[in-house]
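Look over the sequence and the fold before reading on. This report moves from one residue outward to the whole chain.

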Amino acid sequence: MFANRYGIRTFIAFTHDFIAVAVAWWLAYLCRFNFEIPEVSVIFLLQTLPWIVLIQGGAFLWFGLYRGLWRYASLPDLKRIVVAVAVGSVAVTLMLWLFGLLRNVPGAVIMLAPLLLLLIMGGSRLIYRAWKERRLYSLESYEAKLVLILGAGSTAVNLVKALTGSREWHVVGMLDDDPRKLGTRLQGVRVRGTIRELPQWVQKLNVGHVIIAIPSVSRRIHRQALEMCSEIGVKAMTVPSYADLISGKTTVSQIREIQLDDLLGRAPVVLDDDGLHDLLTGKVILVTGAGGSIGSELCRQLVSYEPKRIVFVELSEFSLYTIQEEFLARYPAMNMSFVIGDIKDRARMTQLFTQFHPTAVFHAAAYKHVPLMEQENACQAILNNVLGTYVLAQVAINFAVDKFVLISTDKAVNPVSVMGASKRLAEMVCQALQQSISKHVNADRDHPARQTCFVMVRFGNVLGSTGSVIPKFREQIAKGGPITITHPDMTRYFMSIPEAAQLVLQAGLMGGTQGGGEIFVLDMGDPVRIVDLANDLIHLSGLAEGDIRIEFTGLRPGEKIHEELLATSESTLPTPHQKLRIAQACQVDEQWLSELAAWLDKVTVLSDQEVRVELIKWVPEYTHKEVGL
């Protein structure tokens with residue numbers, strides 16, 4: 001009956017503990033009398049032992065010692081055994097005292113019996129667990145992947161703990177550059193050598209995978225490990241970032257492949273969450289270009305601040321459908337509106353602002369592909385990037401939007417392309433509108449009204465964004481090469497999509513401290529050589545540099561070898577945020593804006609060459625070899 005109720009394993013465990021009680025008391029008597037127990041004591045023990053076993057067994061059941069399996073015996077199980085044995089021993093002592101039998105039991109036996117019982121019960125469980133895990137490993141070791149861990153710090157130790165008993169991974173060693181750790185064992189795993197010795201240990205131990213378990217490691221170490229792994233034909237992986245581990249978003253056991261973001265080695269963005277909640281929580285936020293890389297990531301970041309509604313504005317039907325499917329699945333409780341609209345269409349924009357009354361606008365809609373906008377599409381770049389910004393900004397002013405954030409680019413600095421010049425013009429439009437607002441507010445101080453604050457944010461290339469080199473390089477690698485690069489010395493500034501979106505939000509919050517119209521320049525870190533980026537992607541694909549050929553095709557129209565974040569005539573001012581500075585750009589006025597508006601009305605009839613010539617007038621920093629500059 002007992003076996004049917006609790007299971008055969010529980011019955012066996014319970015029987016084992018009953019026997020352990022008897023053995024413990026017998027051994028206690030043997031120890032007390034130097035293994036020569038007097039006959040009278042033997043008789044007394046045999047008479048009282050059944051009662052002792054029943055009382056102690058009742059304590060075992062009361063404290064739930066048989067709810068778990070011995071294979072998973074752990075510290076909490078040991079604690080329960082200690083309590084059960086202690087309570088049972090006290091109960092046995094009270095029983096002997098009540099029946100006047102306590103004087104017949106030596107004090108040493110009363111003290112030794114519980115200690116011996118603890119040793120037998122705890123030891124049996126731990127021995128069984130060790131045997132079971134060793135047996136399981138011996139059966140499944142052929143399926144587990146042998147892995148070396150780079151690093152021997154707290155993260156690496158926690159990773160070893162997490163992988164203990166894993167059927168997928170078997171850790172055979174750690175590598176660390178700290179000489180004090182070499183040769184030591186952490187969680188049973190030996191620190192075998194330094195990171196530089198990775199190739200020889202991979203070969204010696206026949207390892208197929210390497211995990212970098214140093215979340216704060218520099219990109220140099222990531223790249224070095226990646227290069228070594230690709231050269232010796234093993235897979236490099238890593239643990240989540242330090243910021244994600246601290247925030248609780250992920251755990252150390254969520255191993256993943258190394259990504260380009262890891263090789264950038266950029267520090268996590270620190271946001272003013274309180275300020276952003278004031279700006280966004282409970283408000284209606286409108287995002288243009290919401291189906292694009294930056295626009296969609298902005299919307300993902302916005303969700304955490306619980307706005308009243310997010311309005312997704314997108315011209316591409318397919319992009320809007322794709323983002324709608326994602327957000328409806330991931331955030332079903334969020335109020336969202338997905339609308340198709342052209343930012344150049346004043347009537348449609350007015351209709352949307354009348355319907356939703358947004359408090360803040362994040363303007364990410366733009367044509368951004370440099371060569372495509374340079375040839376056959378120059379006038380479209382001006383119409384979409386400049387006229388579209390002008391129309392949208394005017395509508396925002398009419399509806400007293402609090403913040404209007406324009407997403408700009410480093411290509412707007414000393415532009416040599418139509419796309420870059422169009423983005424600089426969009427910045428200047430916002431600056432002129434801000435001056436016009438400030439002028440009218442100052443002129444009518446007796447009747448102050450809500451005014452729109454314009455904020456512009458400049459940053460460089462975003463890893464993996466639509467139209468960037470990353471998808472192109474990956475496609476070329478998948479085909480076996482070659483990878484095509486325009487110039488061997490070409491460099492670009494890069495950041496991840498989430499980092500760019502976070503800094504846009506932070507800049508939107510800080511805008512207005514200088515009266516509005518600020519151009520925020522993001523700290524892009526050091527420029528990255530495109531050749532190095534291509535080699536990183538080759539390594540990430542598990543190949544060596546020689547496996548994929550790189551071809552240099554020459555600069556395309558409108559391209560620079562090196563991008564800049566500031567024009568020659570510009571300087572910057574610091575801000576409270578270490579990754580944001582304010583560019584001191586040349587200013588334009590209402591008269592300039594009126595003349596520009598008149599020019600925009602006739603852009604559609606201009607050829608590409610005529611657009612480039614006209615741009616020299618509107619953007620003094622613009623230069624282009626085809627117009628003699």
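Does Gln434 count as buried or exposed? Gln434 counts as buried, because its relative accessibility is 3%. Buried means under 20% relative accessible area, exposed means over 50%, and partly exposed lies in between, with a 1.4 Å probe and protein chains only.

This is a predicted model, in which local features need pLDDT of at least 70 and side-chain atom pairs count only at pLDDT 80 or more, while totals for chains, interfaces and linings use all residues. Residues are numbered from 1 along each chain as its sequence is written, and side-chain values use heavy atoms, with hydrogens and water left out.

**Around Gln434**

Gln434 sits in helix H17, residues 418–443. Helices (H or I, at least four residues) and strands (E, at least two) are DSSP runs, numbered from the N terminus. A polar atom of the Gln434 side chain lies 2.6 Å from the backbone nitrogen of Phe454. A polar contact is a pair of N or O atoms within 3.5 Å; within protein, one must be able to donate a hydrogen and the other to accept it, and residues adjacent in sequence count only if both atoms are side-chain atoms. Leaving aside neighbours within four places in sequence, Gln434 is in contact with Gln451, Thr452, Cys453, Phe454, Gly515, Gly516 and Gly517. Contact means heavy atoms within 4.5 Å.

**Strand S12 and its partners**

Phe454 leads on to a set of paired strands. Two strands pair if DSSP finds at least two bridges between them. S12 pairs with strand S13 (residues 453–458) in the parallel sense, over 5 bridges. Phe404 stands opposite Phe454 in S13. Strand S11 (residues 360–363) is also parallel to S12, and 4 bridges join them. There, Phe362 has Val405 as its bridge partner in S12.

Why is strand S12 largely enclosed by the rest of the structure? S12 covers residues 403–407, and 5 of the 5 residues are buried, so the strand is largely enclosed. Lys403, Val405 and Ile407 point one way from S12, while Phe404 and Leu406 point the other way.

**A hairpin elsewhere**

Strands S3 (residues 185–186) and S4 pair in the antiparallel sense over 2 bridges. Leu186 stands opposite Val189 in S4. S3 and S4 form a hairpin with 2 residues between them. Strand S2 (residues 169–175) runs parallel to S4 (residues 189–193), with 2 bridges joining them. Met174 has Val191 as its bridge partner in S4.

**Residues with positive phi**

The hairpin turn holds one residue with positive phi, Gln187. Here are its value and two others.

| Residue | Phi | Place |
|---|---|---|
| Gln187 | about 55 degrees | turn between S3 and S4 |
| His357 | near 50 degrees | loop between H14 (346–356) and S11 |
| Glu376 | near 75 degrees | loop between H15 and H16 |

His357 counts as partly exposed, at 48% relative accessibility. Glu376 is exposed, with a relative accessible area of 67%.

**The loop after S11**

His369 is found in the loop between S11 and helix H15 (370–374). Its relative accessibility is 32%, so His369 counts as partly exposed. The side chain of His369 reaches the backbone nitrogen of Leu372 at 3.3 Å. His369 and Met419 are 50 residues apart along the chain, yet their C-alpha atoms are separated by 7.3 Å.

**Nonpolar cores**

A nonpolar core is a set of buried Ala, Val, Leu, Ile, Met, Phe, Trp, Tyr and Cys residues joined through side-chain atoms within 4.5 Å. The largest has 58 residues, and Leu425, Leu596 and Trp599 have the most contacts inside it. Helix H16 (residues 378–398) gives the largest share of this core, 13 residues. Another core lies apart from it, with 39 residues, among them Leu280, Leu298, Cys453 and Ala501.

**Cysteines**

A disulfide is a covalent bond between the sulfur atoms of two cysteines. Here a disulfide is a pair of cysteine sulfur atoms within 2.5 Å. By this rule the count is 0. Cys379 is buried, at 12% relative accessible area. Cys430 counts as buried too, at 0% relative accessibility.

**The whole chain**

The protein chain has 22 helices and 22 strands. Of its 629 residues, 49% are buried. Among contacts between residues at least 6 apart in sequence, 76% join residues at least 24 apart.
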